[in-house]
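Please open the model in your viewer, with a cartoon for the backbone and sticks ready for side chains. The tour moves from one selection to the next and says at each stop what is there.

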Amino acid sequence: IRNNIDSVQAGFPPLNDSLKGKNVVVGIIDGGIYFRHYDFRNPVDSTTRIKYIWDQAVSGSNPPAPYNYGNQWDWNSINNGTCTHVPPASDYGHGTCVAGIAAGNSLSTKGTPYQNQFTGVAPEADIIAVRVLDDNNFLPHVVDAANYIFTKAAAVGKPCLINTSIG
C-alpha cells in the first residue's frame, strides 16, 4: 500500500490499465531458485513462468552460449521434470524469496484463507534466474549473469529488470 503497488496492479487513475508484469521479464541473480514453487506457475495450466535457469556453480552438459561454465535449463526441462537445479548445497531459499517478492502470484496459497493475498510486484512476469558463482571472479560472474538475462529478454522482445540482492 505504501509503495502504491496495489494501486498500480488495480490500474487506478492516472493509469489506464492494471500493470502486473505481463510481457516483462524479471531477472533474479542470487543463490538459486526453488523452481517447483507454485507461485512461479501459470494459473491456467500450471506450467512454469521460469523461462531459464542458469546455475553457474555446477558443471553440466549444457552451459549457455557464449559462456563455458555452469548449466542451463529452460521452461521445457522444468515442465517435463528433467531440470536438476537445486543441488543440496544450494542457497535457493533467498533467491526464491526474492523471486516471490518480485514475481510471485500467490498460487501456493490456493485453497487457503490467504488465497491471493500475497502476490509479488509483477505476478504475471516471466522469470529468468541465475545462481551466481561465488568465487574469486564473483563480479565478472555477476556481469555474465546480467548479460545473460538481458540477452534472453531481448531475444523474445521483452523489457527486463534484474534484482541482484548484492551488498
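Begin by selecting Ile-53 in this predicted model; leaving aside residues up to four places away in sequence, Ile-53 touches Ile-33, Phe-35, Asn-71, Gln-72, Trp-73, Ile-78, Cys-83, His-85, Ala-129 and Tyr-148. Next, widen the selection to the largest nonpolar core, which has 19 residues and in which Ile-53 is, together with Val-26, Ile-33, Phe-35 and Ile-50, among those that touch the most other members. At least two residues of this core come from each of S1, S2, helix H3 (92-103) and S4, and H3 gives the most, with four residues. Apart from this core lies another, of 15 residues, so select Ile-29, Tyr-52, Tyr-67 and Tyr-69, which are among its members. Such grouping fits a broader tendency: in soluble globular proteins, nonpolar side chains tend to be buried together.

Now show the whole chain as a cartoon. Four helices and five strands can be picked out, and along the sequence they follow the pattern α-β-β-β-α-α-β-α-β. Along the principal axes, the C-alpha atoms fill a box of roughly 45 × 35 × 30 Å. The radius of gyration is 16 Å, which agrees with the value near 15 Å that a compact globule of 167 residues would have. Of the 167 residues, 40% are buried, and among contacts between residues at least 6 apart in sequence, 64% join residues at least 24 apart. If you switch to a surface, the chain exposes about 9400 Å², of which carbon and sulfur atoms supply 54%.

Return to the cartoon and select helix H4, residues 138-155. Its 18 residues should span 26 Å at 1.5 Å a residue, and the end C-alpha atoms are indeed 26 Å apart, which agrees. Which residues of H4 are buried? They are His-141, Val-142, Ala-145, Tyr-148, Ile-149 and Ala-153. Look down the axis of H4, and these buried residues fall within an arc of 120 degrees, so they line one face of the helix. The general geometry helps here, because an α-helix has 3.6 residues a turn, so residues three or four places apart point the same way. On the other side of H4, Leu-139, Val-143, Ala-154 and Ala-155 are exposed. To see what covers the buried residues of H4, add the strands, since the cover includes S1 (25-30), S2 (50-55), S3 (71-74), S4 (126-131) and S5 (160-163). Just after H4, stop at Gly-157, which takes a positive phi of about 70 degrees.

The remaining stops concern the backbone. Select Pro-13 and Pro-14, which are joined by a cis peptide bond with omega near 15 degrees; Pro-14 is found in the loop between helix H1 (5-10) and S1. Another cis peptide bond joins Ala-65 and Pro-66, with omega about 0 degrees, and Pro-66 is found in the loop between S2 and S3.

Finally, select Asn-4, in the segment before H1, where phi is positive, at about 65 degrees, although the residue is not a glycine. Asn-4 counts as partly exposed, at 44% relative accessibility. Ser-46, in the loop between S1 and S2, is also a residue other than glycine with a positive phi, near 65 degrees, and with a relative accessible area of 42% Ser-46 is partly exposed.

Note on methods. Residues are numbered from 1 along each chain as its sequence is written. This is a predicted model: local features need pLDDT of at least 70, side-chain atom pairs count only at pLDDT 80 or more; totals for chains, interfaces and linings use all residues. Side-chain values use heavy atoms; hydrogens and water are left out. The expected span of a helix is 1.5 Å times one less than its number of residues. Buried means under 20% relative accessible area, exposed over 50%, partly exposed in between (1.4 Å probe, protein chains only). The arc is that of the directions from the helix axis to the C-beta atoms. Contact means heavy atoms within 4.5 Å. The radius of gyration is taken over C-alpha atoms; the globule rule is 2.2 Å times the number of residues to the power 0.38. Accessible areas come from the Shrake-Rupley method with a 1.4 Å probe; for residues, only the protein chains shown count as cover. A nonpolar core is a set of buried Ala, Val, Leu, Ile, Met, Phe, Trp, Tyr and Cys residues joined through side-chain atoms within 4.5 Å.
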